[in-house]
Structures are given as C-alpha cells and as structure tokens.
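Biologist: I've got a model open here and want to know what stands behind the labels people put on it. Can you take me through a few?

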Amino acid sequence: MSLNSLDSLLNRLQQQPHWEEYNVYRQALKAWETAIDSKILQYTKPLALRRQVLWIATASSVWAQTLTMQRYTLLKKLNAHLSQPLTDLRFSSAQWHQVQPLNTLQDLEPAAQSDSYQAFLKTLTFPEEEQTPSQTPKEAFQRWTKILQIRAENLPICPQCQSPTFPQELERWSVCANCATQQWR
C-alpha cells in the first residue's frame, strides 16, 4: 500500500459525484470575492449554497436590506463568473456573529460616519473590570444601571423634556423620540 499526500486524497474526493454541490459552492465563493466590490466584501460572508441560492451573512440588518435591493445586479455579476448560474441571493444578519467577529460597533452600519454617531460610540466603551461576567442577578442589574447612568451623562439633553437623548434623534427631529411622537399626535 502506497502513501498518498493529503492533497491528492482531497482532490480525488472532490472529483466524486456527491461533491459536485460543494465544488459549485467553492466556485461561488471565488466568484463572490472577484465580482463583488471590496466595500461590500468586508460586510458579507457567503454561508451556504442550497438549490442554486447563495445564502450570505451580513454585518447588520441594514446591510442585508441594502444588498437585497441590489441582489439582481449582484447576481448578474456573479453568474458571469460561474459555470452553473445561481437563481437567487439571500441576505441575513442572523449568522454573522458565528462567521466573524465585529471589530467595533461602527462596523454595523454602512452610514455610521457622522460626528455625533462617533461621539455616541465613545460612550459605549467600558473599563476592563466592567467586562467580567456578573456573579449574581443583583450585581448584573447594578452594573446595567451604572452603565445606563454613564451613557446618560454623556448624551445631549432634549430641549423640550430635558432627558438624555441620542444625538441622531436631535439631528432628525430636534427633540427626543418621545417628544417627537407627542407632537405628531
């Protein structure tokens, strides 16, 4: 019995008929990396190929919705690189956390470039000791209320009700969301 290299064994396995769908998936992965814009690539990861539909994880639901609107254009670009064309693309943020970790909360939104949003992100950072898990529910609740207080201290104040307000709400409505909805009634 002769010894074969692992590469030659894998090549022989991949040539077998029941590996055909896996080979099509590998080809779709390569096509995804070559045909799709690099900006989109960093927020997406192809997960699976089922019945000629490529399932893709996205960094957020915003990315999933944006790419769903562009899926026919993306599908045309992909199919130009594939021997067996795909019928559809499906985007979901559900399995992104299992695929790759997010480096920052900024990675979640494609349009998270405003100065107020950047300032808000700085309020979400916590000291090292706050990242250790709580031992009791009471300790977890106390930590949570402390974090909310720290966040509230750094948020701007609503001019109408004087409550801490997210900067995005003030930019959009000039008041907090609660005051805005009361004005609409």
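Modeller: Sure. A salt bridge here is a side-chain nitrogen of Lys or Arg within 4 Å of a carboxyl oxygen of Asp or Glu. Keep in mind that this is a predicted model.

Biologist: What makes Arg71 and Asp88 a salt bridge?

Modeller: Their side chains come to 3.0 Å, N to O. The cut-off is 4 Å, so the pair qualifies. The two residues sit in distant parts of the chain, 17 residues apart, with Arg71 in helix 5 and Asp88 in strand 3.

Biologist: Why is Asp88 called buried?

Modeller: Its relative accessibility is 10%, and buried means under 20%, so Asp88 gets that label. Arg71 is buried as well.

Biologist: Which other salt bridge does Asp88 make?

Modeller: One with Arg90, at 3.1 Å, N to O. Arg90 has 37% relative accessibility, so it counts as partly exposed. Since the salt bridges share partners, Arg71, Asp88 and Arg90 join into one network.

Biologist: How many salt bridges are there by this rule?

Modeller: Three. Another of them is Arg143 with Glu139, at 3.7 Å, N to O, which still falls within 4 Å. Both residues lie in helix 8 (residues 137-154), four residues apart, or about one turn of the helix.

Biologist: Why is Arg143 called buried and Glu139 partly exposed?

Modeller: Arg143 has a relative accessible area of 18%, and the limit for buried is under 20%, so it makes the cut. Glu139, at 30%, counts as partly exposed because that class lies between buried and exposed.

Biologist: Now the sheet. What makes strand 1 and strand 2 partners?

Modeller: Two strands pair if there are at least two bridges between them. Strand 1 and strand 2 (residues 53-58) have six, so they pair, and they run antiparallel. Lys45, for instance, stands opposite Ala57 in strand 2.

Biologist: How do you know which strands are at the edges?

Modeller: Three strands form an open sheet in the order 1-2-3, with mixed pairing. Strand 1 (44-50) and strand 3 (88-92) each pair on one side only, and they are the edge strands. The twist averages 25 degrees from one strand to the next. Helix 4 (residues 61-69) packs on the sheet, touching strand 1, strand 2 and strand 3.

Biologist: One more: what makes Leu10 eligible for a nonpolar surface patch?

Modeller: Leu10 has 36% relative accessibility, and patch residues need over 30%, so it clears that bar. Leu6, Leu9, Leu10 and Leu13 form the patch, with about 330 Å² of accessible area together.

Technical notes. Residues are numbered from 1 along each chain as its sequence is written. This is a predicted model: local features need pLDDT of at least 70, side-chain atom pairs count only at pLDDT 80 or more; totals for chains, interfaces and linings use all residues. Side-chain values use heavy atoms; hydrogens and water are left out. Axes are lines fitted to C-alpha atoms, for helices over the stretch in contact, and angles run from 0 to 180 degrees between N-to-C directions. Contact means heavy atoms within 4.5 Å. Patches are made of residues with over 30% relative accessible area and no salt bridge: like charges are joined within 9 Å, nonpolar side chains (Val, Leu, Ile, Met, Phe, Trp, Tyr) within 5 Å. Accessible areas come from the Shrake-Rupley method with a 1.4 Å probe; for residues, only the protein chains shown count as cover. Buried means under 20% relative accessible area, exposed over 50%, partly exposed in between (1.4 Å probe, protein chains only).
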